Amino acid sequence: MLFVPWRYIADWKCIACGKCCKAYSVVLSFPEWLKIVKNYGVDKTVSGLNKLFVTRRNDGSCVFLYKLSNTHFCGLQFMKPKACKLWPFKVLSKPKYGYVNEAVYYYGGDRLFIYADSNCSGLVYGEPTEKFAKYTLNEFVEIALGRRKDQFKTTANIGFLQTYTGFRI
Ligand code: SF4
Ligand code: SF4
């Protein structure tokens, strides 16, 4: 796993490849766990090592991951866990993965450090565009700091999912 400081990233857009929803276990906070259990049942979650997780299928994929042709959708759009909203970025208060100058990001009075997991297929490397630096990262920072819940950068478009699959949350 390689974490790349944001100044080496030109842009990011989720291409709904589903890789992240197959490769990682999603850690839940207690309120997130409670919401999922109330709406979908306790079997959609598992506990282990003092942590709560979303259940994974036998092939390792998240139980809420849906596939249509080559596109993947998240079935938890309206209660998507924070860990999923933040993927593939890590917004940290310390430069855990080095490259201090390339990772530093100023948000208001906060000095933060942002890295991206290179396993994400939606990353484009190069000089950061203004849109990415100002708006995309800003959204991730606000989600990480708990100042925003709504997410415009999503793993799936729920309208599309409902139209083409009849899927309802
Ligand atoms: S966030 Fe990245 S790895 Fe996950 S589905 Fe989107 S493009 Fe793929
Ligand atoms: S984004 Fe949705 S489908 Fe993907 S791991 Fe998170 S909850 Fe599961």
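What covers the buried residues of α2? I would like to start from that helix and work outwards, keeping in mind throughout that what we have on the screen is a predicted model.

To set the scene, the secondary structure of the protein chain comes to six helices and 11 strands, and of its 169 residues, 25% are buried. If we take the contacts between residues at least 6 apart in sequence, 69% of them join residues at least 24 apart.

Now to the helix itself. Helix α2 covers residues 30-40, and its buried residues are Glu32, Trp33 and Ile36. Looking down the axis of α2, we find these buried residues within an arc of 100°, so they line one face of the helix. The face turned away from that buried side carries Phe30, Pro31 and Lys38, which are exposed. As for the opening question, the cover over the buried residues of α2 includes the strands β3 (27-28), β4 (45-48) and β5 (51-54). Just after the helix, Gly41 takes a positive phi of about 100°.

Those three strands deserve a closer look, since they form an open sheet in the order β3-β5-β4, with antiparallel pairing. The edge strands are β3 and β4, each of which pairs on one side only. Between β3 and β5 there are two bridges in the antiparallel sense, and the bridge partner of Val27 in β5 is Phe53. In the loop between β4 and β5 we find Asn50, whose phi is near 60°, a positive value in a residue other than glycine. Asn50 has 5 other C-beta atoms within 10 Å and is therefore exposed.

Let me move to β10, which has several partners. Strand β1, residues 3-5, pairs with β10 in the antiparallel sense over three bridges, and here Phe3 has Asp117 as its bridge partner. Strand β8 is joined to β10 by four bridges and runs antiparallel to it, with Val91 standing opposite Ile114. Strand β9, residues 104-107, is likewise antiparallel to β10 and joined to it by four bridges, and in this pair Val104 stands opposite Phe113. The hairpin of β9 and β10 has two residues between the strands, and within this hairpin Gly108 takes a positive phi near 55°.

Which residues touch the most other members of the largest nonpolar core? That core has 16 residues, and the ones in question are Trp6, Val91, Ile114, Tyr115, Ala116, Phe140 and Val141. At least two residues of this core come from each of β2 (9-12), β8 (89-92), β10 (110-117) and α5 (130-144), and β10 gives the most, with five residues. If we leave aside its neighbours within four places in sequence, Ile114 is in contact with Trp6, Phe89, Lys90, Val91, Ala103, Tyr105 and Leu137. Apart from this core lies another, of 15 residues, including Cys20, Cys21, Cys84 and Trp87.

Some of those cysteines come up again when we turn to the ligands. Around ligand 1 there are 13 residues, of which Cys14, Cys17, Cys20, Cys120 and Gly122 come nearest; by class, this shell has eight nonpolar, four polar and one charged residues. Around ligand 2 there are 12 residues, with Cys21, Cys62, Leu65, Cys74 and Cys84 nearest, and here the classes are 10 nonpolar, one polar and one charged.

Finally, a few backbone details that you may wish to inspect on the model. Trp87 and Pro88 are joined by a cis peptide bond, with omega about 5°, and Pro88 is found in the loop between α3 (82-86) and β8. In the loop between β8 and α4 (100-103) lies Tyr99, which has a positive phi near 50° although the residue is not glycine. Is Tyr99 buried, exposed or partly exposed? With 16 C-beta neighbours inside 10 Å, Tyr99 counts as partly exposed. The last residue I would point to is Gly126, in the loop between β11 (123-125) and α5, which counts as exposed because there are 10 C-beta neighbours inside 10 Å. Gly126 and Tyr8 are 118 residues apart along the chain, and their C-alpha atoms are separated by 5.4 Å.

Key
Residues numbered from 1 in each chain as written. Chains lettered and ligands numbered in written order. Predicted model: local features only at pLDDT ≥ 70, side-chain atom pairs only at ≥ 80, totals over all residues. Near = placed C-beta within 6 Å. Nonpolar A, V, L, I, M, F, W, Y, C, P; charged D, E, K, R; others polar. Buried ≥ 20, exposed ≤ 12 C-beta atoms within 10 Å, placed from the backbone. Arc of directions from axis to C-beta. Contact = placed C-beta atoms within 7 Å. Core = buried A, V, L, I, M, F, W, Y, C linked by C-beta atoms within 7 Å. Pairing = 2+ DSSP bridges.
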